Amino acid sequence: MEIRIGIQHSPREIVVESEQEHDTVVASLRSAMADGSPVALTDVKGREVVLNGSAIAYAEVSSEEPRRVGFLG
């Protein structure tokens, strides 16, 4: 799934492609944004991104729907 995070006072987004559980990611982001605690996300290559919860402006977590292949017709 793809996670897009907007940081306050920054024009760029942080995009993380992760295989973590959707509900776990959403719960940790909500908690971090509510109390300002750090949140750690792990991407598909095993890299860890740590963000200050109080600096997060918004977070968009995509569904785990597989991509469709082919032509529409």
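Hi everyone. Let me start with a term: a residue is buried when its relative accessible area is under 20%, exposed when that area is over 50%, and partly exposed in between, using a 1.4 Å probe and protein chains only. By that rule, 22% of the 73 residues of the protein chain count as buried.

Before we go on, please keep in mind that this is a predicted model, where local features need pLDDT of at least 70, side-chain atom pairs count only at pLDDT 80 or more, and totals for chains, interfaces and linings use all residues. Residues are numbered from 1 along each chain as its sequence is written, and side-chain values use heavy atoms, with hydrogens and water left out.

Now the overall layout. The protein chain has one helix and five strands; here helices (H or I, at least four residues) and strands (E, at least two) are DSSP runs, numbered from the N terminus. Read from the N terminus, the order is β-β-α-β-β-β. About 5500 Å² of the protein chain is exposed, and carbon and sulfur atoms supply 50% of that area. Those areas come from the Shrake-Rupley method with a 1.4 Å probe, and for residues only the protein chains shown count as cover. As for contacts, meaning heavy atoms within 4.5 Å, look at those between residues at least 6 apart in sequence: 50% of them join residues at least 24 apart.

Let's turn to the helix. H1 covers residues 22–35, 14 residues in total, and spans 20 Å from its first C-alpha to its last, close to the 20 Å expected at 1.5 Å a residue. That expected span is 1.5 Å times one less than the number of residues in the helix. Which residues of H1 are buried? They are Val25, Val26, Leu29 and Ala32. Seen down the axis of H1, these buried residues fall within an arc of 135 degrees, so they line one face of the helix. The arc is taken from the directions that run from the helix axis to the C-beta atoms. On the other side of H1, you will find Asp23, Arg30, Ala34 and Asp35 exposed. And what covers the buried residues of H1? The cover includes strand S1 (2–7), strand S3 (38–42) and strand S5 (56–61). Just after H1 comes Gly36, with a positive phi near 80 degrees.

On to the strands, starting with S1. Two strands pair if DSSP finds at least two bridges between them. S1 pairs with S2 in the antiparallel sense over five bridges, and S1 also pairs with S5 in the antiparallel sense, over five bridges. Gly6 is a handy landmark here: Gly6 stands opposite Glu13 in S2, and in S5 the bridge partner of Gly6 is Tyr58. S1 and S2 form a hairpin with five residues between the strands, and in it His9 takes a positive phi near 65 degrees. Is His9 buried or exposed? His9 is exposed, with a relative accessible area of 85%. The C-alpha atoms of His9 and Ala57 are 8.7 Å apart, although these residues are 48 residues apart along the chain.

While we are looking at S5, have a look at Ala59, which sits in that strand. Ala59 is partly exposed, with a relative accessible area of 33%. Leaving out residues up to four places away in sequence, Ala59 touches Arg4, Ile5 and Leu29. Ala59 and Gly6 are 53 residues apart in sequence, with 6.3 Å between their C-alpha atoms.

Next, S3 and S4. S3 has a covered face, made of Val39 and Leu41, and an uncovered one, made of Pro38, Ala40 and Thr42. S3 runs antiparallel to strand S4 (residues 48–52), and five bridges join them. Leu41 stands opposite Val49 in S4. The two strands form a hairpin with five residues between them, and Gly46 in the turn has a positive phi of about 90 degrees.

My last stop is Ser18, in the loop between strand S2 (13–17) and H1. Ser18 is buried, with a relative accessible area of 1%. Which backbone atoms does the side chain of Ser18 reach? The side chain of Ser18 reaches the backbone nitrogen of Gln20 at 3.0 Å and the backbone oxygen of Thr42 at 2.9 Å. Not counting neighbours within four places in sequence, Ser18 is in contact with Met1, Ile3, Thr42, Asp43 and Val44.

That's my tour, thanks for listening!

Note on methods. A polar contact is a pair of N or O atoms within 3.5 Å; within protein, one must be able to donate a hydrogen and the other to accept it, and residues adjacent in sequence count only if both atoms are side-chain atoms.
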